[in-house]
Amino acid sequence: MKHKTLIFQDNVLKLIDQRILPLEIKYYEASNYQEVCQAIKKMVVRGAPAIGATGAFGYYLAVKELIEKDEVDFSNEIKQAKSEILATRPTAVNLSWGIKRMENVLNKAFKKDLEKNYIMDNLLKEANRIVQEDINNNKRLGKYGNELINERDIILTHCNAGSLATAGYGTALGVIRAAYASDKGIKVYIDETRPRLQGARLTAFEMMEENIQATLIVDSAAATLLKDQVIDKVIVGADRIARNGDTANKIGTFMLSVVAKNYGIPFYVAAPTSTIDFTIDKGEEIDIEVREDKEITEIRSIRIAPKGIDVYNPAFDITPADNISAIITEKGVIKPPYQEKIKRL
Ligand code: MRU
């Protein structure tokens, strides 16, 4: 994509503001970890791998601020900063994965008794490594995923698992990019993805920038397209994958998987191994974020539902492993049963 999701320069994290895309291309600037937390919470930046990389830079900024202060209980304060970053969004495991990597580097540096500037240098290198590895992994998983795609396939995707949701290239859209680059003549259908419209705003933007032929639909049109065999494959991203293959992704993913299974359409999840939570056995253990009512009751600050109506707005759902035809990772494609194969990753 022409525009980078995140840029870290001169101790400022610049994030393309995904709340206003595609109408405006503006960068939000965070120069401390609190501003990074706000950016994740308010969804300036979103998408599991992008949140992971953003959290890593947030951790870097927190250490930088605290390490300069003389009269501060560093270990307590950094713990506090860490829990604030982790509390921003609970579902995507990449956030805690990114912070863990930074924490390990910090602990090693303390053990070696390194000087402050070396500590900061090591932390910055680790955050940049997370970014670079994510881009490389997405390109790798794109190649593996492309092996599942036939000439002229029509692919349905949900939400945005693209360059904007990652450090670059994308997961589900990484597979689509790889298929397009190999001249397979693919076409894409994009679910608009209520309520925040990541499909209509972000995936459509990415597809148009690359000239990939795409059609936007409302979420509820997907079932008919699957029934009519218009769609050859469904490819989605993931926010967290349990050890048995159960997958949390954007609300509506589960419903798509049920319909796809009913009509015998392959349903693929594309995700880097940083999205696998090796500490949980199954989907029920995943914390599903519930977001504020006004995402549903308002459209661009205009009220559309009657005042006082009860609202339930979960941001993600769990697709059971049984509904997933394959999981595409940077280490290869795995097919059910997943348990043992995920363990080996
Ligand atoms: O609420 P969002 O926009 O952060 O949700 C994003 C998704 O559900 C994506 O599909 C997922 O994070 C994978 S991104 C490569």
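Hi everyone, let's start with the ligand: it sits in the largest cavity of this protein. Please keep in mind that we are looking at a predicted model.

Which elements give two or more residues to the shell around the ligand? Those are the helix α2, residues 48-68, and the strand β9, residues 247-250.

Now zoom out to the domains. Domain 1 covers 6-138 and domain 2 covers 142-344, and since both give residues to the shell around the ligand, the ligand lies between them.

Let's go through the shell itself. There are 18 residues around the ligand, and the ones that come nearest are Arg 46, Ala 48, Arg 89, Asn 249 and Lys 250. How do the residues of the shell divide into nonpolar, polar and charged? The split is 8 nonpolar, 6 polar and 4 charged.

For those of you who like distances, here are three polar contacts. Lys 250 places a polar side-chain atom 2.7 Å from an oxygen atom of the ligand. For Arg 46, an N or O atom in the side chain is 2.8 Å from a ligand oxygen. Asp 239 also takes part, with a side-chain N or O atom 2.9 Å from an oxygen atom of the ligand. And how much of the ligand's accessible area does the protein cover? The ligand on its own has 410 Å² of accessible area, and the protein covers 100% of that.

Let me turn to the backbone, away from the ligand for a moment. Most peptide bonds are trans, and most residues other than glycine have a negative phi. With that in mind, here are three places to look at.

One is the peptide bond from Leu 21 to Pro 22, which is cis, with omega near 0 degrees. You will find Pro 22 in the loop that runs between β2 (12-16) and β3 (27-30).

Another cis peptide bond joins Arg 194 and Pro 195, where omega is about 0 degrees. Here Pro 195 belongs to the loop between β5 (187-191) and α7 (198-209).

Then there is Cys 159, a residue other than glycine with a positive phi, near 60 degrees. Where does Cys 159 lie? Look in the loop between β4 (154-157) and α6 (172-181).

So, to leave you with one picture: the ligand sits in the largest cavity, with the protein covering 100% of its accessible area. Thanks for listening, everyone!

Conventions:
Residues numbered from 1 in each chain as written. Predicted model: local features only at pLDDT ≥ 70, side-chain atom pairs only at ≥ 80, totals over all residues. Heavy atoms only, no water. Near = heavy atom within 4 Å. Polar contact = N/O pair within 3.5 Å; in protein donor to acceptor, adjacent residues only side chain to side chain. Areas by Shrake-Rupley, 256 points an atom, 1.4 Å probe, with all protein chains shown as cover. 1 Å grid on protein atoms, 1.4 Å probe; cavity = no way out; pocket = protein on both sides within 12 Å on 5 of 7 lines; lining within 4 Å. Sits in = over half its atoms within 2 Å of the grid points. Helix = DSSP H or I, 4+ residues; strand = E, 2+ residues; numbered from the N terminus. Nonpolar A, V, L, I, M, F, W, Y, C, P; charged D, E, K, R; others polar. Domains from an automatic or database assignment.
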